[in-house]
Amino acid sequence: MNKEAINKLMRPKSVAVVGASSQPGKIGYTVLENLIKGGYKGKIYPINPAATEILSLPVFASVSALPEPADLAIITVPVKFANQVAEECGQKGIKALSVITSGYSEVGRNDLEKELIDIAHKYGMCVLGPNIVGSLSNSDDLNASFGPFLPFKGSATLITQSGALLIAMDAITYTRKVGFDKMISIGNMADVDFADLIEWLEDDKYTSCTCLYVEGIKDGRKFIDACRNAKKPIIALKAGTSVHGAAAAASHTGSLAGSAKVYTAAFQQAGVVQASDLNNLFDRTLALSLMPPLKGTNLLLVTNGGGVGVLATDAAEKFGIPLKFAPPDVQEELKKHMPAFGSAKNPVDMTGMAGNDWYYETVKFAYAHPWTDGLVVLYCETAMTSPVEIAQAVKKAMDDSGMKGKPIMVSMVGGTRCDKAMQWLVENGIPAYGPPDQAMNAMAALSELNRIQSMLDKTEVVSDPACAAKAAEIIAVARGDGRTALTEVEAKQIFSAYGLPIAQTWLAKCEDEAVEMAKSIGFPVVMKIISPDIVHKSDAKGVKVNIKDEAGVRESYKTILANAKVYKADANIHGIAVQEMAPSGTEVIVGSVNDATFGPTVMFGLGGIFVEVLKDVTFRVAPVNKSQIEQMLTEIRGAPMLKGVRGELPRDRAALVDVLYRYAIMISDLAGEVSETDANPILVYAEGKGVKVVDARIILKKKA
Ligand code: COA
């Protein structure tokens, strides 16, 4: 990251608008007008070859005519002139460009975009865009965009790949009362990308939370690293999660929209909270920008209405933060501020009689009490109370409690009086929502933040170079034969080198050898054809199972060989594998792909219909630490199967975690060579009895 240049991009002391126009309605006019109307205090230099004055500002004929190199140049000239302007900016000593101009990689002109970036880097300039709306910053009164106005004031910062969405969200900040300091359009991300800005925002005292609208990330690993290193919460809305949506996103931004499940995995590993839609992005951003994480599971609800209390309780369970009854001592104290027919359990129902005082006393006690990890205050509008006064009582109670570091939020169900009270709360640092389920979802975001951040660095991932060296030898043999598919025996040798518990498999070159191997493994055994020309062994009748004795081995050897010859007369046969017949267990599948955005990515799911019909699988970017793997085992729908069903003992989770951990190291080590792998099935036995990898597949990358 070119930090000095990004400082100038984000907090310029002077701004040049190249292509400033005197014609209202043109982007070059609007950007200049916005700078002035936004109240920007720095110097503004309009540049236009023909005009002498625009919006009462003196105009310069060219970049070279400027009295000084402006900190930031906003380019609003057509694409055919834009790169030449960039060259002039570089020669002038300008260090930051905000290129609003469209017509680059998003329409297939990658050549022009490369030229722009080459020019920029030649002069040490950074480029925001091209193809952007620009950027806005409340803390610098800087509307360097053609968006309508600076956003509703707050401490979140939006980074968006869609410029149009920036403009729409800018307006929504006022209706939703969610405050932003900055809004940044990054368009084609030809230079400055999400990762650079996330890193830069870490030191920005005006930003408490980073909010992302993502269509497609270019450098997945750089993104993960930047997010992992960020101390400030990050929330992302990923667009293009449907098959059709992904295609639309790709054509819009010119970047690849990867598989939604891999993005979800990467966000988890990067410590990024996700939003499900635009409304949800606002709800969650508000909470994350104003409140600390929810660090425990003791959430208390205080209400003046039983109905909203029940709705909030249902929502809490739905969003994974179910309520518990408050302990007796807490209940005793809470009873002091409610009528006899109230309830001090949880939700704490003070009844419709609750006024400012009861809210004050209850919130003050409950927020300060060590049992409470987080507090949600619900209010239904009544004729006897003033919503603004209730809001003020909640804020005063929170301040007077002396407690800090716990989340608190408010849900107010009512009309315009409640809207005003909620705005007051937000302006005074307390997230406020209408419907209780929105508040509970926002509280769940604070809980998710705590969970994913605590999983970030729990286990160190250790790779052993000896494993990679052994794998390289085996891969070299296949490459020498001009093959990209390893045989099952070769794949298992690599798995074994990484310590994966494979079902013992040896390659017999003749019948006698097969008999010796079967005896040494122990009956019964499985026998399979091993040939690079026969990928689907069963189709070639090349597999025999449950072979119980020597005669069976001899008979199977002959039959398998004959079947293979019938299937493909000229098949190159390496021999016949003799394999331990593993006892049955719960079938799972582990596999890997090389994701276009995030690189080697490990997949886990239950075998059989779970994977084939339900596609019940989950991913993580490799390598993966063990706490993330534990999480993988819980997040598939078929997770209860691992606990043991129909009287079965619980499955050996520890052994399965170890397999996934080693598997992820393996695919990470071999990422340069391997494109896809499968361990399918893996049989998982009862606790303490381990797992067995029964079949193995490794496909190498095609080399040019
Ligand atoms: N230096 C300074 N000014 C120059 C110039 C140069 N080298 N070359 C041209 N200009 C001036 C023009 O004279 C004109 O000013 P005028 O109105 O006083 O004549 C001004 O720059 C703009 O040029 P014009 O040809 O009128 O272009 P335009 O305003 O119609 O469009 C863009 C320019 C950049 C807005 C347009 O090409 C574009 O890319 N639009 C899409 C922007 C967008 O949507 N971004 C992404 C959002 S998600």
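**Helix packing, ligand contacts and backbone of a predicted model**

Analyst: S56 sits in the loop that runs between β3 (53–54) and β4 (57–58). Strands here are DSSP runs of E with at least two residues, helices runs of H or I with at least four, both numbered from the N terminus. The model is predicted, with local features needing pLDDT of at least 70 and side-chain atom pairs pLDDT 80 or more, while totals for chains, interfaces and linings use all residues. Numbering starts from 1 along each chain as its sequence is written, and side-chain values use heavy atoms, without hydrogens and water.

User: What is the sign of phi in S56, a residue other than glycine?

Analyst: Positive: phi of S56 is near 70°. Most residues other than glycine have a negative phi, and most peptide bonds are trans.

User: Which residues are joined by a cis peptide bond, and what is omega there?

Analyst: N346 and P347 are joined by one, with omega about 10°; P347 belongs to the loop between α12 (328–334) and β16 (348–349). Another joins N680 to P681, with omega about 5°, and P681 is part of strand β27 (residues 674–684).

User: Why is α14 called roughly parallel to α15?

Analyst: Helix α14 (residues 387–401) and helix α15 (residues 416–427) pack at about 25°, their axes 8 Å apart. Angles run from 0 to 180 degrees between N-to-C directions, the axes being lines fitted to C-alpha atoms over the stretch in contact. Under 35 degrees counts as roughly parallel, over 145 as roughly antiparallel, 65 to 115 as roughly perpendicular and the rest as oblique. The angle of about 25° therefore makes α14 roughly parallel to α15.

User: Which residues of α14 and α15 meet?

Analyst: P387, V388, A391, Q392 and K395 in α14 meet R417, C418, K420, A421, W424 and L425 in α15, contact meaning heavy atoms within 4.5 Å. The classes are seven nonpolar, one polar and three charged residues (nonpolar: Ala, Val, Leu, Ile, Met, Phe, Trp, Tyr, Cys and Pro; charged: Asp, Glu, Lys and Arg; polar: the others, Gly among them).

User: What makes α17 roughly antiparallel to α18?

Analyst: Helix α17 (residues 465–480) and helix α18 (residues 488–497) have axes 9 Å apart and an angle of about 170°. That angle therefore makes α17 roughly antiparallel to α18. C467, K470, A471, I474, I475 and V477 of α17 meet E490, Q493, I494 and A497 of α18. This contact divides into seven nonpolar, one polar and two charged residues.

User: How do you know that K26, N48 and S102 make polar contacts with the ligand?

Analyst: A polar contact is a pair of N or O atoms within 3.5 Å; within protein, one must be able to donate a hydrogen and the other to accept it, and residues adjacent in sequence count only if both atoms are side-chain atoms. A polar side-chain atom of K26 is 2.5 Å from a ligand oxygen atom. For N48, an N or O atom of the side chain is 2.9 Å from an oxygen atom of the ligand. For S102, a polar backbone atom is 2.8 Å from a ligand oxygen atom. The three distances therefore meet the cut-off.
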